[in-house]
Amino acid sequence: MAGIKDTNEADLIEQVKAGQRRAFDRLVEPHAPRLLALARRMLASTPEAEEAVQNALASVWINRRRLDSGRPVGGYLTTVILNKCRDRLRRRKAASFLGFGQGLEEAVAPDDAPDPESSALDRQELARVKLEIERLPVRLREALVLVAIDGRSQREAAELLGVSEKTVETRVYRARNRLREKLEFS
């Protein structure tokens, strides 16, 4: 069964390389929710994540000749998304340093949970965790998001990030320790 899917993906990649837009849509559609979730976690902003995914997919389309029908496309798409997120984080950091974008924090939508008080406390705690994850250095955040949140193995994360499994393990460990310290004393 997996061979049929792989062959289908390889065929789609060849069609995409030939310039068939519908094949591109069929190729990336199964990956889109996961890619958007990854970008949201990296950028902590839904609008920015959506824009990053759109830019990444446009970049993949423009550079479609780089696609390799012998390799799964999921890893390649994830790498492109991570690169777009890194670019956005660098621009955000530069803008913050220069004083641009002050007061543009993302609004938190209200939750329709039955118990408003506990929901409010849960949202506050989640906002604290998201903020602390956002404050992590990019390399630690990438490893943490891929392994602990996105559910990838350390091997997969290592391949996507271009580092060793031990490096991913160390980064996740350091990220968790920093979060534990920040959330414990906040």
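## A walk along the salt bridges

Select Arg90 and Asp87 to start: their side chains meet in a salt bridge, 2.5 Å from N to O. This is a predicted model, so take every distance on the tour as a computed one. Both residues belong to helix 5, and they sit three residues apart, about one turn of the helix. Colour the pair by accessibility and the two partners part ways. Arg90 counts as exposed because its relative accessibility is 54%, over the 50% cut-off. Asp87, at 29%, falls between the 20% and 50% limits, so it is partly exposed.

**Zoom out for a moment.** Show the whole protein as a cartoon. You should see nine helices and zero strands, so the run of elements from the N terminus reads α-α-α-α-α-α-α-α-α. Of the 186 residues, 33% are buried. Now think about contacts with a sequence separation of 6 or more: 65% of them are accounted for by residues 24 or more positions apart. As for salt bridges, a search of the whole structure turns up eleven.

**Next, select Arg86 and Glu142.** Here is another salt bridge between side chains, at 2.2 Å from N to O. What does this pair tie together? Arg86 is in helix 5 (residues 73-97) and Glu142 is in helix 7 (residues 138-149), so the bridge joins parts that are 56 residues apart in sequence. Both Arg86 and Glu142 are buried.

**Stay on helix 7.** Switch on its side chains and pick out the buried ones: Leu140, Arg141, Glu142, Ala143, Leu144, Val145, Leu146 and Val147. Then step just past the end of the helix to Gly151, where phi is positive, at about 80°.

**Bring in helix 3.** Select residues 32-43 alongside helix 7. The two helices pack with their axes 10 Å apart, at an angle of about 135°. That angle lies between 115 and 145 degrees, so helix 3 counts as oblique to helix 7. The crossing is right-handed. To see the contact itself, show Leu38, Arg41 and Met42 on the helix 3 side, and Arg141, Glu142, Val145, Leu146 and Ile149 on the helix 7 side. Sorted by class, the contact of helix 3 with helix 7 has five nonpolar residues, three charged ones and no polar ones. Notice a familiar name in that list: Glu142, the salt-bridge partner of Arg86, is part of this contact too.

**Follow Arg41 out of the contact.** Select Arg41, Asp150, Arg152 and Glu156 together, and you have a network of salt bridges. Within it, look at Asp150 and Arg152, whose closest N and O atoms are 3.2 Å apart. Buried or exposed, these two? Asp150 has a relative accessibility of 17%, under the 20% limit, so it counts as buried. Arg152, at 13%, is buried by that rule as well.

**Last stop: Asn63.** Jump to the loop between helix 4 (46-62) and helix 5, where you'll find Asn63. With a relative accessibility of 26%, Asn63 counts as partly exposed. Now add Lys17 to the selection and draw a distance between the C-alpha atoms: the two residues are 46 apart in sequence, and 8.9 Å apart in space.

Technical notes
Residues are numbered from 1 along each chain as its sequence is written. This is a predicted model: local features need pLDDT of at least 70, side-chain atom pairs count only at pLDDT 80 or more; totals for chains, interfaces and linings use all residues. Side-chain values use heavy atoms; hydrogens and water are left out. A salt bridge is a side-chain nitrogen of Lys or Arg within 4 Å of a carboxyl oxygen of Asp or Glu. Helices (H or I, at least four residues) and strands (E, at least two) are DSSP runs, numbered from the N terminus. Buried means under 20% relative accessible area, exposed over 50%, partly exposed in between (1.4 Å probe, protein chains only). Axes are lines fitted to C-alpha atoms, for helices over the stretch in contact, and angles run from 0 to 180 degrees between N-to-C directions. Angles under 35 degrees count as roughly parallel, over 145 as roughly antiparallel, 65 to 115 as roughly perpendicular and the rest as oblique. A crossing is left-handed if the near helix is turned anticlockwise from the far one by less than a right angle, and right-handed if clockwise. Contact means heavy atoms within 4.5 Å. Ala, Val, Leu, Ile, Met, Phe, Trp, Tyr, Cys and Pro count as nonpolar, Asp, Glu, Lys and Arg as charged, and the others, Gly among them, as polar.
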